[in-house]
Amino acid sequence: MANIFTNITNFIQSTSQMPDVEALIRKTENVTLVCKGCNNEASKHQLLRNHMICPQCGKYFRLGGKERIRLLADRKSYTDMFDKFESVDFLEFPGYAEKLEKSKKSTSEKDAVTVGTARLGGNEFAYFVMDSRFMMASMGSVLGEKITSIFEYATEHSLPVIGFTASGGARMQEGIISLMQMAKVSGAVKRHSNEGNLYITVLTDPTTGGCTASFAMQGDIILAEPKALVGFAGRRVVEQTTKSKLPDNFQSAEFLLEHGFVDAIIPREKLRETLINILNIHSVKGGKA
Amino acid sequence: MTPYEKLKTARASTRPTGSAYVNQIFKNIIEFHGDRRYGDDAAIYSGIGYLDDDIPATFIAIDKGTDLQSRIQKNFGCPKPEGYRKALRLMKQAEKFHRPVICFVDTLGAFCGAEAEERGQGQAIAENILEMMGLNTPVITIVIGEGGSGGALALATADKVYMLENAVYSVISPEGCASILWKDSGKVADAAACLKITASDMREFKVIEGIITEDFDHFDKMCDSIRHQLKKDLKELLSQPKSKLTDNRYHRFRRIGFFNTEE
């Protein structure tokens with residue numbers, strides 16, 4: 001009897017925490033999107049109710065930073081943070097200013113990452129979500145500063161970090177400063193880890209270059225979305241260098257799992273319960289049990 | 001020299017390679033092989049020796065090779081995952097025995113190939129950067145030729161970084177940059193100029209601590225002055241409390257970035 005009662009309480013509690021998809025839908029224009037997998041059309045609202053997965057062929061649509069958290073976290077639990085930073089064209093690199101303006105307009109974001117805190121099944125955590133719609137989520141100063149800042153905040157408040165990675169790599173329009181962001185973020189990851197805090201990365205399509213070669217691969221637990229492209233060197237570059245055709249699954253999440261670089265591949269509709277389970281398990285520290 | 005001329009100079013096959021510096025600067029050298037996981041990568045020349053009579057040190061050098069055969073064997077100085085893992089193994093060993101680590105970087109970038117991807121090139125570099133951030137022993141890196149992207153940073157997450165006067169340090173090869181941005185790999189000179197890759201650029205960005213004058217005709221004297229600088233830096237780094245070392249390394253990278261914060 002007690003067991004049934006607990007189950008019902010848990011059920012009611014978890015339902016009241018479920019992400020408020022309808023609230024997100026009310027704020028989102030119902031545009032028609034074309035699936036890159038099957039070329040069929042689907043409405044944005046229909047997709048949002050389906051974890052942004054194509055109802056026809058099952059292909060995953062790429063998600064923006066804010067959308068991702070609103071579809072995943074407990075309702076009304078999220079606060080975006082450190083969102084004042086804006087990129088500057090300090091090298092006066094040809095075309096950079098224009099590219100920034102274009103991405104700002106098309107995404108209504110200031111740069112390629114959203115960071116903040118939220119809850120999952122009641123567990124508070126810090127997040128960063130990279131947005132490949134903004135200049136392929138290339139990693140410039142703003143991205144490095146925001147992710148570093150959220151790690152520092154999480155370290156100070158003993159919060160786990162969940163990071164959703166997606167990136168074309170370094171932002172070459174910021175030259176060497178862009179490369180240095182890999183070390184800068186890694187330093188913050190290390191400090192967070194040294195204090196015994198949990199860091200989970202969720203590799204999403206596409207996670208490549210300097211992102212793979214730094215914080216994407218530094219998680220205590222590394223999850224991936226099915227079929228996400230994850231690698232260091234670009235497929236075309238590898239093919240040109242080695243003058244050979246690579247297998248279709250090369251650098252897919254499944255390829256990484258097979259080679260031992262990913263803990264688990266989690267379908268989008270199972271991600272919330274998986275993350276809640278991991279956070280719950282880590283909320284009880286061995287010494288305290 | 002224009003940035004493009006510097007790039008060509010940095011890549012010149014007549015330049016001393018990583019092992020030449022190690023063999024000139026260190027004494028009683030013993031080379032150590034292998035990552036104890038998969039294999040040995042000849043692109044990384046590493047081991048222990050004396051920096052001076054009373055200073056044992058670990059050296060890790062990317063070596064491009066000096067003739068065609070050694071260049072092929074060393075993959076033209078493009079390390080594989082097992083190379084980065086060997087480097088990390090020796091850094092951890094240096095930490096255990098309280099030895100400083102001296103790295104010499106000269107690479108177009110990490111090796112780019114199917115087997116490198118299968119063995120986790122990205123993961124290997126990521127782990128090096130992460131662990132170097134926490135390494136409890138001094139690390140000093142000298143970029144002697146090319147500092148190519150993540151493949152260089154995996155040995156350059158250091159307390160102090162120097163560059164030779166004609167060395168370059170870049171987030172992407174100018175060829176790669178030109179081909180991505182302008183679909184024209186012929187615009188290498190333009191890309192080299194835009195990317196800002198020279199030692200004086202790095203000094204201006206405060207990404208490096210200093211520039212080393214090149215004098216290959218008097219290589220022994222040049223290496224003497226490098227050894228002198230290394231000893232001076234180690235004295236300074238070892239004089240501070242141990243906890244300060246990783247804190248200062250953290251802040252060395254923490255401050256790097258250009259952005260606006262206005263609303």
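In this predicted model, chain A contains an open sheet of seven strands, arranged in the order β3-β5-β6-β7-β8-β9-β10 and paired in a mixed sense. The edges are formed by β3 (79-81) and β10 (264-265) of chain A, each of which pairs on one side only. At the β3 edge, β3(A) runs antiparallel to β5 (residues 113-120) of chain A, the two being joined by three bridges, and within this pairing Met81(A) stands opposite Val115(A) of β5(A). Helix α11 (residues 268-283) of chain A packs on the sheet, where it touches β5, β6 (123-130), β7 (161-167), β8 (199-207) and β9 (221-224) of chain A, and its direction makes about 130° with that of β6(A).

From the sheet, the description can turn to the contact between the chains, in which 49 residues of chain A meet 40 residues of chain B. On the side of chain A that touches chain B, at least two residues are supplied by each of β4 (86-87), α6 (141-156), α7 (175-194), α8 (209-212) and α9 (235-242) of chain A, and the largest share, 16 residues, comes from α7(A). In composition, the residues of this side of chain A divide into 24 nonpolar, 19 polar and six charged.

The strand among these contributors, β4 (86-87) of chain A, also takes part in pairing across the two chains, since β4(A) and strand β9 (residues 259-260) of chain B pair in the antiparallel sense over two bridges. Within that pairing, Ser87(A) has Phe259(B), a residue of β9(B), as its bridge partner.

Conventions
Residues are numbered from 1 along each chain as its sequence is written. Chains are lettered from A and ligands numbered from 1 in the order in which they are written. This is a predicted model: local features need pLDDT of at least 70, side-chain atom pairs count only at pLDDT 80 or more; totals for chains, interfaces and linings use all residues. Two residues are in contact if their C-beta atoms, placed from the backbone, lie within 7 Å. Helices (H or I, at least four residues) and strands (E, at least two) are DSSP runs, numbered from the N terminus. Ala, Val, Leu, Ile, Met, Phe, Trp, Tyr, Cys and Pro count as nonpolar, Asp, Glu, Lys and Arg as charged, and the others, Gly among them, as polar. Two strands pair if DSSP finds at least two bridges between them. Axes are lines fitted to C-alpha atoms, for helices over the stretch in contact, and angles run from 0 to 180 degrees between N-to-C directions.
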